[in-house]
Structures are given as C-alpha cells and as structure tokens.
Amino acid sequence: MGTSASKNPDSFHGGREGGGQLYVSLKMENLKIRGDLIPHVYGSSSIIGSWDSSKALSMERESASMWELSFVVPSNHETLDFKFLLKPKYSNAPCVVEEGPNRLLTGGTLEGDARSALFKLSGDEDELEYRVFIKADIVSPFDLAASWRAYQENLQPSRVRGIPDVSINVAPDAEFENGSAASLELDLEHYVVPAPTASSGVVYAANLAETPRSLVHAGIFSKSDGSSSGWHSSSKTGVVSTDHANSKKDIEVTIGDPTNIFPASGMVESKSVGTFSPLQKQQDGQKGLFVDRGVGSPRLVKSASASAFTSDLNLDSEAKKDMPAAAGAVAAAAVADQMLGPKEDRRLAIVLVGLPARGKTFTAAKLTRYLRWLGHETKHFNVGKYRRLKHGTNQSADFFRADNPEGLEARNEVAALAMDDMLAWMQEGGQVGIFDATNSTRRRRNMLIKMSEGKCKIIFLETICNDERIIERNIRLKIQQSPDYAEEPDFEAGLRDFKERLANYEKVYEPVEEGSYIKMIDMVSGQGGQIQVNNISGYLPGRIVFFLVNTHLTPRPILLTRHGESLDNVRGRIGGDTVLSEAGELYAKKLANFVEKRLKSERTASIWTSTLQRAILTASPIVGFPKIQWRALDEIYAGVCDGMSYEEIKRNMPEEYESREKDKLRYRYPRGESYLDVIQRSEPVIIELERQRAPVVVISHQAVLRALYAYFADRPLKEIPHIEVPLHTIIEIQMGVTGVQEKRYKLMD
C-alpha cells in the first residue's frame, strides 16, 4: 500500500491572491477495515486547533472500505500539521495514533516521503495499514458558498427516508389528514381551465400529415374540410375527372425560401452534446472534427493525429443536416451512421403496409411523434391526403377496385407524388419519412423500392389485425372522422361503401415477404399479439421496434402534475430537495381528493413520483394505489447552480446566465444537465407510459413534465423549455383510438 497526493497545477499562492480558497480532501482506505475502529484526524489550529485526541475530527464513511474528511484551509494557515488516529466505536478504550512523524501539508503540497498510515494495536494483533489519499485544490469562494448553502439547507433529516421505492395501499400520515380546506367541488369540471394548445375537437390523424407540396406547387390546395379546390371527381362513379375548378392564375401560393430553413454550406450551428460539425472553420491550422460539449462550455478539438479520426475524412456537404437536434445515444448513433454507414442508410423510410381500418395512420402518427421527440427530423406522408387533394373526397368503392384501370393509375400516381416529396425532403435534410398508405401489393412496394434506390433505406411496417370487434370499431370511427365521408349524410350508406372498399383491397392483398420488414400482428389491444422482424439492424430501427412492441390503442388517462409548492419555490431557488410549504401541503391534500374522485373506478391505476422529497410528500396523502419512485422523474440537475436563484446566477455567473438565455434547450448547467439530457433520460418513462393499460398519475417537476408533455402534444424540441406547466395544476392526457386530447384542472392558485 502507499499514499498519493495531488493538487491543482496552478500556483496555490497565485490562486489565493485571486480570492481562491484551499480545499483539502483526506481519504483512508483499508479493504479489511474494522467496523469497531473509526478513523479520525487531529492536529494544528487550522484543522481543530488542538492535539487533544478527544477533540479529533471524525472521518465520514464514503464506501465500504473508504473514509473521507474535507475542509477549507483559512488563508492565514498555509501549513497543516496533522496525524490520523483510530477511535473505538463502542468503548472508552484509548485511541490508536498512527506510527511515524507528523504529516505536513504546505500550500497544498505534502512534505516528506509519501507513506501509508500504520497503526499498532494492543496485544498480539497485527498492525493495521491504511492507504492514504491527499488532494488539494483551489476553489472560488462562490463555489464554496453555493456548496455550503446547499449542505445547510439539506442538513435536516429527510422526511421520506422511511418510504420505500414501491409502496401499495399505504395509509396517509396523520399530518396529512384531509380537512375542509382541502375538499373539492363534487363536479371536477369546476376546476377546468383552458389548455395553452387545446384543439377544437378530435382531429383526424391523416390531416396532421405533411402537406403535399408537389400539389401545392401545382396550385392545388386543401380546404379545411379536406376537399380539393383543384382536381376532383364529379360523382361516385369511380371515373376521375380532370377539370380545373379554378384558374391557376387566381391561386396565390407562398413557398418558403429553403435557404432560410437550411443554413448555407459552411454555416453550421451545432450545440447539442455529442454532435459534430465538420464544416466549421478550424483555427490555428488544426484539422479534425470539432466536438461541441454543450453551450457555455469550452469546445474541444480532436487532433488529426488521433487514431479515431483521420485528417482526410470527407463527409458530404449535407452531413450537418442529417444530425438530429438531440443528445447522447441519439446523437452518437447519428454520428456513427454518418461516418460508417452507406449514404442511403443515413435516411430511413418506414413504409406502412396493411388493409384499411388496421390502425396504420394512427401507428404512423405515434411513431412520427416519438421520433420527433427523440430529436430525429421526421415527417408523416399520408397518401390518402394526396388522393383527396388531387382527386377529391367523393370517391366511391369502385375507385379502389383492382380492375378499374383509371382508379389504379390515379392511386399509383398520388403514391409516386408522395414518395417524390418524401425523397426530396430527405435530400434537404430530413432523416426519417413515414410513408402511410395501404401498399397492399408487391407491385406497389416494388415501385417504391425502385424509386428509393440509393436515396434511403426502406423498412416495411405491416399492421395485421384479426379481431373483428376492433376492425368494426375502426371502420365506424373512419366513417365518423374521415374527410372521405364528410359529405355523406347517411352513416349506414357510408358504412356499406367503406366495407365494399375494404373487400376490394382484400381481394388483391399480398403480405410482406420481401426486404426489411416489421410485422405487428394483433398488437392493437396491448394484450398478447406478436411482432415479427426481418433484416432489421442499427440503432434507430432497433428503437423503432422497441417502441412498437410497447404501443397499443387502449384508452386511458395520464395525469401530469408538479409537486406542491416547496420551500425552495418560495425562496425562488432552483433544484434542492426541500420539503413542501404550507400551500404545497394543502395542494397534496387537494390532489389526493382529486385522484380519489377522478379515478374512483380505476383501481388498477398507479402513482409515479420522482425520488425527491417534494414529489414524494405530494403523493403521501393519496391512498389505495401503488406508488413507484422513478429517478428518471427527478428535476433537471442544475449542477453548481443547484440551490441558487436566477438572480444570483445572473449576478455571479453572467456568462452562464447569458448562455442559458440564448439556448435553453441545449444549455447545460456546469456539472449539471440540459433539457436534451432530461429528454433522453425520460425515454424509459415514455415507453412505460405507452405500455401501461391503466391510468397513471405522474408527480414530478417542471423541466421533466415539459419534456413528457411535449411528447404527447407533439411540440417541437425548441419549444420544450418554454411550455407552461404551472404549480397546483393537473394536466390530463387522454390516450386512445382517436389520438391524444388534453384537459387541465387548476385546483388552487
């Protein structure tokens, strides 16, 4: 065994003159440590001011074999004179002082020979030998103050220490007994408040797909009801008319300037962790890749001499457009694909296959939302939307017959238009295209494969449902919501027509057996079913399979709420782990009443909280439901800024404050997290919320709930740090076959 000592390479005296403080850490390690002997330190005045062993400072156990003591050296005490000793834990026996001379630490440097700490015990026992580690650093008074404040505020014992990570049907503590102040109105609708992005009603999923720009360029556009003001069919005869309803010169179409959407070559803005920017200007003659570690942190340069990269690495000029605005594993996978994969593998086309009313469009919409949330540039191209835009909404079942050459040609034409649009978008920087159509024959799929050769990788996603009850439900929803039947006043007539259309597809349907594919068989209900994969490899296809395995259409509510107001909320400080204020405790009681009323018939519901006190205490009054603590639900970690107010950050760390103001999404607190980091660690929560078939109440924190809410609301990444998630408000997300709806309840101000 031996000893080691380290210090900051800068001069300690120079650092001290600049206002720094000398921070010393002493550690002792013995793999065969005796639990009845506690290591202590005693010595000169800068430590305890006495060589009296009864006043020695106890070292804290850091691990099973390691003890540690840290302290700050006063500026007028450059030299430390100390020794280690062992004190019996359970008796008044004499202390055992280490053998050898005193240890001297001058200006952070250990004088004399490095040595272990040897202790000779009484009797015939062997001497004990501890390995010693001494570390000294200069730290700023600001960092010390922030650390000390956080320590002092969290010094009080945790009020949730005895609560297990998973608890079921635990009775509430007496202090949380519900009183009249916590009671709620019988009608919960009394507390409903408008949602910031509330939709006017159920939205047909296909209408949310990408707007067909090839038809917009041609001067054909969609009305709000889904009908077309351009090409249309005059009657339900299955024959397509090509009369122009309006003159093109009367139509004004505005096309965005692509240069405003995609920065010009050489102008790269890449701030997310792990992404690289090969087009950035390199200074001082250095070559290689710039690796950006986050806003507000120094940029590191990978030298060209390193074996991992070569100076002649040549990526195409669109490399930057293929990088997702994400962090961690997502960015790392994109980098690997960019450097190692074939060009066509950098872009992925998920081509849906399946009969009508099998949930293709719903699956496409969910997958699009998931991939966007992860940071992948993803768009949903619905061929039905193209068909309605070009040929109108009044097509009868005859239009979909395989022996109708005009109808077949028209359907293949709009499929080709949609594919052309998707491939063009990929060339402009798109990463994942979801191609939503029946694609029910090999001939149609071969056409798509031929169009995409050398441009993107195709994976077929086939949805198969054999449950007649689910199929009937989907058909009826189709008649109610699809623009194809918006002008059909007779529901039963629309139902007969759609079933005729379905029979036409069934006659020629050919299951996928070619290429790379994923088959979802009876996965809609979330019970049973199976998923088959063929020739699937890579990070992104793997994530897609994992997501699809856990998704279903079972209707259920998800309730999102922040913890009740905490003491740090009152003080205006971020982070920390304080308890609830009086208002926060009142909200906890009101929330328990709300959950009891809202989920009284949902006895399989569960309560999820973070591992922080304020979230666990908010859930404490809720009874009758399992409670699970998730570390992934903890608030964004503010690093060295934990426990500070924004005003203190602005005053003491102006550069960090400005960096955060410029880009809250990618900004990472020093030694802390960014919003992108929060999104990445929240992915298991999203997957489990998708998998759950029963209601879930999530009690978490503002940044985490912003990330979760953005997934369900399909909000862009850049908006996440600005989403409104107020205290004492419940956001109810209703998931089911009609998509996602939102309702908000404000229980108190």
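Ile-350 has Ile-434, a residue of strand E19, as its bridge partner. This pairing belongs to a predicted model, in which strand E17 (residues 348-353) and strand E19 (residues 432-436) run in the parallel sense and are joined by 4 bridges. The briefing below covers the sheet around these strands, a helix that lies across part of the sheet, a pair of packed helices, and the confidence of the prediction.

**The sheet**

- The sheet is open and has 6 strands, in the order E18-E19-E17-E20-E21-E22.
- Its pairing is mixed.
- Strand E18 (378-382) and strand E22 (530-534) are the edge strands; each has a single partner strand, so one side of each has no neighbour in the sheet.
- From one strand to the next, the twist averages 15°.
- In a regular strand, side chains point to the two faces of the sheet in alternation.

**Strand E18 and its partner**

- E18 and E19 run parallel and are joined by 5 bridges.
- One residue pair to look for is Asn-382 with its bridge partner in E19, Asp-436.
- Although E18 stands at an edge of the sheet, the strand is mostly covered, with 4 of its 5 residues buried.

**The helix across the sheet**

- Helix H8 spans residues 405-427 and lies across E17, E18, E19 and strand E20 (457-464).
- The direction of H8 is at about 170° to that of E19.

**Helices H10 and H11**

- Helix H10 (residues 468-481) packs with helix H11 (residues 491-508) at an angle of about 120°.
- The axes of H10 and H11 are 10 Å apart.
- An angle between 115 and 145 degrees counts as oblique, and therefore H10 is oblique to H11.
- The crossing of H10 and H11 is right-handed.
- On the H10 side, the residues that meet H11 are Glu-472, Ile-475, Arg-476, Lys-478, Ile-479 and Gln-480.
- On the H11 side, the residues that meet H10 are Phe-491, Gly-494, Leu-495, Phe-498, Lys-499 and Leu-502.

**Confidence of the prediction**

- The average pLDDT of the protein chain is 78, and 72% of the residues score at least 70.
- Over residues 7-17, pLDDT stays under 50, and the model has 25 contacts beyond four places in sequence for this stretch.
- Over residues 221-315, pLDDT also stays under 50, and the model has 159 contacts beyond four places in sequence there.

Note on methods
Residues numbered from 1 in each chain as written. Predicted model: local features only at pLDDT ≥ 70, side-chain atom pairs only at ≥ 80, totals over all residues. Heavy atoms only, no water. Pairing = 2+ DSSP bridges. Helix = DSSP H or I, 4+ residues; strand = E, 2+ residues; numbered from the N terminus. Axes fitted to C-alpha atoms, helices over the stretch in contact; angles between N-to-C directions. Contact = heavy atoms within 4.5 Å. Buried < 20%, exposed > 50% of the residue type's maximum accessible area, 1.4 Å probe, protein only. pLDDT = per-residue confidence, 0-100. Parallel < 35°, antiparallel > 145°, perpendicular 65-115°, else oblique. Left-handed = near helix turned anticlockwise from the far one by under 90°.
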